[in-house]
Structure formats: C-alpha cells, structure tokens
Amino acid sequence: MTKRHGHGLLAAVLTVAVVLSTAIYLGVEAGGGSGARADVAGGRTSQNAAPASTGTWVGAWSASPAGPEPGTESSGLAGRSVRNVVHAAVGGTSARITLSNLYGQQPLVVTHATIAVAATANTAAATADTMRRLTFGGATTVVIPSGGQVRSDAVRVRIPHGADVLVTTYSPTPSGPVTYHPRARQISYVATGDRTQDVSATPYTGRSSYWRYLTALDVLSDEATGTVVVLGDSLTDGVTSTVGANRRWTDVLSERLHASAGSGDTPRYSVVNQGISGNQVLAGSSGGPADSPSGLSRFGRDVLDRTNVRAVVIDLGVNDILRNPNQVDPRSVTDGLRILVRRAHAHGLRVVGATLMPFQGHRGYTDARDAVRQAVNAEIRAGKVYDAFVDFDVALRDPYDPRRLRADYDSGDHLHPSDRGFRRMADVFELKDLSGSAPAEL
C-alpha cells in the first residue's frame, strides 16, 4: 500500500467514525435537552456499564468551561493524549464523565477515553486494576459538535472519597480551539500518541496547569444523597491556593460535610466548584462571550445542569464592583443576585449567599467601591437577597482595619485569601444552612 493510499484509508475510516458518532449524538439529542440527553446516554449499556450497585448519582467534581485555550485555534491537541487529574469530593461505585467542546469551532472527535484512580496524589500513574475504557451511547468513539457537550455511559469502578481520578482522552484529528479551565491549581498531563490506557506515568512527559475538555465527574455514591453547587469567581476558583493540595475553600467545605454527614442537621451532600476567575454577576469579560460568561448567563449550564443539585452557594459581586469603574449603584448587583435566587427557587433549590470580603490595598480599591461593597453586604445581612448567608466579610477582615483582609488570611494581593484564609471561609460556613427546601417567595 502506498503512503498516499494509506492516508486515504485512514481518512475514510475517520469519516465513517464521524458519521456514525454524529448519528448517535443526534439521536440522543433528539430525546430532549441537556438533562434528557445525559440520561439517555448514561442509560446505554456496555461491557462495564449498567452498575449493579445501588446509590445516588451526585457530582464528585466539576469545573466550568471558561474559554478557548490560546494557541490551540487550528489543531487543538490532535495526536495527543490529555490526562486530566481531578479530586473526587465523594466516593462511589460507578462513574461517568462530561466532555465539552463549548468553545470549539469544529467537531471534536474523541476515539478513545478512559478513567482510572490515580496510584498516588498528583501523578499521571494509574492504579492498574481501576483502568476502564469509556463509551458514549455504547460507542468508543464520539463526535462532540462545536458548542456541544456529551456525557459518557456509566462504568463500574470504585472511586474512593478524596482520591485523585485520571480522565484521559485522545483525539486523532485537528479540532480547535480547546475548551478549557485555565486556573486549575492542579497539574495534569499530556502524552504523544494514544496512551489513554497506559497505567504508567512514563509517556506523560507534558505538564499542564489547565483542565481540558473535561467538565464533570459524577459517581453513583453510597456516601451522598445530593450535590451542592458553588457558583463564584476567583475566590471560589481558589487561584491563590497551593497547587495540588486541594485547599480551596470549597475543598475544605466538602471535607467538613463528609466528616459530619448525617449527624444532626448536616445533609449528606457532595460539593462541586463552579468558580471562574474574573466572573461577574451581570457582565461577561471584555474578551467576549467565549471568555468568562456572566453568572446570569451560565447559571443554567453550571448550576441547573449539574447532577442531582439540592442547594446552591453564591459568592459573586466583587468583580462587578472592581471591573466597572462607573458602577456606583449597589442595587444593580443585588438585583442580579436576586435573579439568580429566583431561578434557583424555580427549580426547588435552596440558596446560601456570601457577603463580599474587603479589598483595601488591592490596586482596584477606592473608597467609593468599598461603599458599594458595604451596601451590597447590608442587603445580604438584612435577609433581602438569599435564603441564608455566610459572613465571609466579618470572618476574614482585619478587626482593627475592617476594610482590609486580616494579614494571615491575605495571600498578599489584598483580595484573594491565603490557604489559611480559605480554611477560615469554610470553617465559618453553617452546614445546616444547606438543609431545607426553597421558600415559595423570598
């Protein structure tokens, strides 16, 4: 066979794969919206699917797609295996994932995807007997249209609470730009060629501080009965937390819930982090809709579409103040937050909100902006915005200079907390506030 004929044959094979996978995708999509599509895909069986154990599907990890990865516009990551490392907030007996091509400009062809439990924390090496090949509607190849996402079939694998999980994808063809979450605070890995089923870390010589394509890991849990979604900005994204240590405030909150689950009024919930650095309630970033969409525009995708959501925590508003020099009316911020609350209530979800922490000393500080922050906080404390609130402002401010973060809670930029500050945020959260149903009216 000539080289030209070989290339022709490969192209023909990939074309058939694209057609078949697109047919599968469209057939699933015809069943309804994103929730219906996910349920149908999750219901198909394969060799490892159709979990025999009982439990509840909950979110074990999630990250919001934040934009297109620079430098991947033409070829994406063709010919490379992307091994995302994520931390499971809760354990389970089966798992499924969600892949996104939200910011891609062409279909993303994934011919091979796997999931495994990492051998140790912060490594690309897998525990050999946990490696599973993933399918999508029963097929090992899936085509994700530009702007789309797809959920895998369920696969039997024991995911321990607190374990690192490796989700690996391989795409042989150019498809860019790559949908990614840039500030992961976790190192993931890349290998040349299809090394998706390699349990060794040896071929994974590339390192990345991003999460790519992967936006959710769900587990069939015997530890939790629902999911808490935290919608926020860089404070929730944990941009100043220690890399690879899982010290975002949401990580600590998750551990508190796990340790106290079922005792007193503490619900048995997992926690997923939907923070995007720079996020605002009202406006997307100046980079356009593909970069940090507003909290209002992404609420359906990042909150309502998550698995088995029971409660929402909202920590947004600081960037609306910092990034809009002419923003002097706090009512626009609180009105936006109330819209989010009403949307949550319409789906029966309870909402806990956070007061806005001080930022004197940060380059964006002005007395006028601080006055807006304090006015927003006054509305929150008066019970006029959320069902319940956590007072991060009081918990982290300097008692002798309340417009500043306390020094040991400050990462050094006077806006983002240190690891100790993140822990303080989680420690002052009243776990019982996550319990209960949403009121008919706020």
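## A buried aspartate and its partners

Let us start with a single side chain: D387 and H345 are joined by a side-chain polar contact of 2.9 Å. As this is a predicted model, every distance here is computed from predicted positions. D387 sits in the loop that runs between α8 (367-381) and β21 (388-390).

What is the nearest side chain of opposite charge to D387? R350 is that side chain, at 4.6 Å. A salt bridge needs a distance within 4 Å, and D387, although buried, has none. The side chain of D387 does come close to the backbone elsewhere: one of its polar atoms lies 2.8 Å from the backbone nitrogen of V351.

## Strands that run in parallel

V351 leads us to the strands, since β20 covers residues 350-354. Strand β20 pairs with β19 in the parallel sense, over four bridges. Within this pairing, V313 stands opposite V352 of β20.

Strand β19 has another parallel partner, β17 (residues 226-232), and six bridges link the two. Here T227 has V309 of β19 as its bridge partner. Is β19 mostly covered or mostly open? Of the seven residues in this strand (309-315), six are buried, so "mostly covered" is the fitting description.

## An antiparallel sheet

Elsewhere in the chain, six strands build an open sheet, and their pairing is antiparallel. Reading across the sheet, the order is β7-β6-β11-β3-β13-β14. At its edges are β7 (132-133) and β14 (206-208), each of which pairs on one side only.

Inside this sheet, β6 (residues 112-117) and β11 (residues 164-171) run antiparallel and are joined by six bridges. One pair to look for is A113 with its bridge partner in β11, T169. As general background, strands of a sheet pair through backbone hydrogen bonds, either parallel or antiparallel.

## Two nonpolar cores

In soluble globular proteins, nonpolar side chains tend to be buried together. The largest nonpolar core in this model has 36 residues. Which residues have the most contacts inside it? They are I97, L99, I115, I159, V165 and L217.

L99 is a good residue to explore on screen. Leaving aside residues up to four places away in sequence, L99 touches V110, F136, I144, Q149, V150, T169, Y213 and L214. T169 in this list is the residue that bridges to A113. Apart from this core lies another, with 30 residues, including L231, V272, V333 and L356.

Key. Residues are numbered from 1 along each chain as its sequence is written. This is a predicted model: local features need pLDDT of at least 70, side-chain atom pairs count only at pLDDT 80 or more; totals for chains, interfaces and linings use all residues. Side-chain values use heavy atoms; hydrogens and water are left out. Two strands pair if DSSP finds at least two bridges between them. Buried means under 20% relative accessible area, exposed over 50%, partly exposed in between (1.4 Å probe, protein chains only). Lys and Arg count as positive and Asp and Glu as negative; His and the chain ends are not counted. A polar contact is a pair of N or O atoms within 3.5 Å; within protein, one must be able to donate a hydrogen and the other to accept it, and residues adjacent in sequence count only if both atoms are side-chain atoms. A nonpolar core is a set of buried Ala, Val, Leu, Ile, Met, Phe, Trp, Tyr and Cys residues joined through side-chain atoms within 4.5 Å. Contact means heavy atoms within 4.5 Å.
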